[in-house]
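Subject: Structure for you to look at

Hello,

I am handing over the structure we discussed. Please look through it first; my notes follow below.

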Amino acid sequence: LLGLDPTSSNTYRLKLDALALSGSNVTIAVRRFVTGALSPDGMHGHLILRGTANLGAAFSNIAATAVTGADAFDAAGRRTYTNATDGAVKFFRAIVE
């Protein structure tokens, strides 16, 4: 996690809250959990969407889905991203790094 004072007692955690497929879109919700005061108010890490056509094949990054930097979260600590997909990819995973 970038931008955090290593001597601080604050905690900062991101988790995947939801991943849903609807039509040709994949929607990912990320939730942020914070104790203590952190600034800037954003995400310090990467959210990457990967997909594959079948479970026997390797997952690969879906183009233009990496989300980085200080994106705003709502009052509940949630941020939602929607990405278009092609019809060939049927299995998805979202990774927070």
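To begin with one pair, L47 stands opposite V96 in strand 7. Please keep in mind that this is a predicted model.

That pair belongs to a longer pairing: strand 3 and strand 7 run antiparallel and are joined by 6 bridges. Strand 3 also pairs with strand 4 (residues 60-61), again in the antiparallel sense, over 2 bridges. There, G51 has S60 of strand 4 as its bridge partner. Of the 7 residues of strand 3, 6 are buried, so the strand is largely enclosed by the rest of the structure.

T52 lies in strand 3, which covers residues 46-52. T52 counts as buried because its relative accessibility is 4%, under the 20% cut-off. Its side chain reaches the backbone oxygen of N54 at 3.1 Å. Leaving aside residues up to four places away in sequence, T52 touches A57, A58, F59, V89, K90 and F91.

The largest nonpolar core has 12 residues: L14, V26, I28, V30, L47, L49, I62, F73, Y81, V89, F92 and A94. Strand 2 (25-35), strand 3 and strand 7 (91-96) each give two or more residues to this core. Strand 2 supplies the largest share, with 3 residues. In soluble globular proteins, nonpolar side chains tend to be buried together.

One member of the core is V26. With residues up to four places away in sequence not counted, V26 touches L19, A20, L21, L49, Y81, T82, N83, T85 and F92.

Regards

Technical notes:
Residues are numbered from 1 along each chain as its sequence is written. This is a predicted model: local features need pLDDT of at least 70, side-chain atom pairs count only at pLDDT 80 or more; totals for chains, interfaces and linings use all residues. Side-chain values use heavy atoms; hydrogens and water are left out. Helices (H or I, at least four residues) and strands (E, at least two) are DSSP runs, numbered from the N terminus. Buried means under 20% relative accessible area, exposed over 50%, partly exposed in between (1.4 Å probe, protein chains only). A polar contact is a pair of N or O atoms within 3.5 Å; within protein, one must be able to donate a hydrogen and the other to accept it, and residues adjacent in sequence count only if both atoms are side-chain atoms. Contact means heavy atoms within 4.5 Å. A nonpolar core is a set of buried Ala, Val, Leu, Ile, Met, Phe, Trp, Tyr and Cys residues joined through side-chain atoms within 4.5 Å. Two strands pair if DSSP finds at least two bridges between them.
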